[in-house]
Amino acid sequence: MERLHINYLRDLIHRLRAGESERRISKDLGISRITVHRYRELAERQGSLEPSSAMPEDKAIRAALGGSPRPPRIALSVEP
């Protein structure tokens with residue numbers, strides 16, 4: 001799953017809580033529907049989509065996502 005900036009995540013959660021479709025969100029934010037769906041599932045597990053609950057804080061969103069992604073490791077083809 002591609003990692004989104006925290007501002008995109010807050011917007012995505014806000015739109016999901018408002019009842020917007022995954023298709024509409026993916027088109028507006030320029031991300032895949034699969035990514036939106038995966039973030040929806042994560043937000044549902046965390047209870048972030050409940051209308052009666054407050055919007056999650058940035059710290060809580062980061063904690064739910066886990067550590068920051070590691071950069072890709074590329075094997076060098078040149079010998080030292």
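This tour moves through four helices and one loop residue, naming what to select at each stop. The model is predicted.

**First stop: helix H1**

Select residues 6-18, which form helix H1. With 13 residues at 1.5 Å a residue, H1 should span 18 Å, and its end C-alpha atoms are indeed 18 Å apart, so the two values agree. Next, highlight Ile6, Leu9, Leu12, Ile13, Arg15 and Leu16, the buried residues of H1. An α-helix has 3.6 residues a turn, so residues three or four places apart point the same way. The cover over the buried residues of H1 includes H2, H3 and H4. Just after H1 comes Gly19, and its phi is positive, near 95 degrees.

**Second stop: H1 against H2**

Add residues 22-29, helix H2, to the selection. The axes of H1 and H2 lie 10 Å apart, and the two helices pack at an angle of about 150 degrees. Because angles over 145 degrees count as roughly antiparallel, H1 is described as roughly antiparallel to H2. Their crossing is right-handed.

To view the contact itself, display side chains on both helices. From H1, select Tyr8, Asp11, Leu12, Arg15 and Leu16; these meet Arg24, Ile25, Asp28 and Leu29 of H2. Sorted by class, this contact has five nonpolar and four charged residues, with no polar ones. Leu12, Arg15 and Leu16 deserve a second look, as they are among the buried residues of H1 and also take part in the contact with H2.

**Third stop: H2 against H3**

Keep H2 in view and select residues 33-46, helix H3. Here the packing angle is about 120 degrees, and the axes are 8 Å apart. That angle makes H2 oblique to H3. H2 passes H3 in a right-handed crossing. On the H2 side, select Glu22, Arg23, Ile25 and Ser26; on the H3 side, Arg33, Val36, His37 and Arg40. By class, the contact of H2 with H3 comprises two nonpolar, two polar and four charged residues. Ile25 belongs to this contact with H3 and also to the contact with H1.

**Last stop: Ser48**

Finally, select Ser48, placed in the loop between helix H3 and helix H4, the latter covering residues 58-65. Is Ser48 buried or exposed? Its relative accessibility is 10%, and because buried means under 20%, Ser48 counts as buried. Leaving aside residues up to four places away in sequence, Ser48 touches Ile13, Arg17, Ala43, Ser53 and Pro56. One of these, Ile13, was highlighted at the first stop as a buried residue of H1.

How values were computed:
Residues are numbered from 1 along each chain as its sequence is written. This is a predicted model: local features need pLDDT of at least 70, side-chain atom pairs count only at pLDDT 80 or more; totals for chains, interfaces and linings use all residues. Side-chain values use heavy atoms; hydrogens and water are left out. Axes are lines fitted to C-alpha atoms, for helices over the stretch in contact, and angles run from 0 to 180 degrees between N-to-C directions. Helices (H or I, at least four residues) and strands (E, at least two) are DSSP runs, numbered from the N terminus. Angles under 35 degrees count as roughly parallel, over 145 as roughly antiparallel, 65 to 115 as roughly perpendicular and the rest as oblique. A crossing is left-handed if the near helix is turned anticlockwise from the far one by less than a right angle, and right-handed if clockwise. Contact means heavy atoms within 4.5 Å. Ala, Val, Leu, Ile, Met, Phe, Trp, Tyr, Cys and Pro count as nonpolar, Asp, Glu, Lys and Arg as charged, and the others, Gly among them, as polar. Buried means under 20% relative accessible area, exposed over 50%, partly exposed in between (1.4 Å probe, protein chains only). The expected span of a helix is 1.5 Å times one less than its number of residues.
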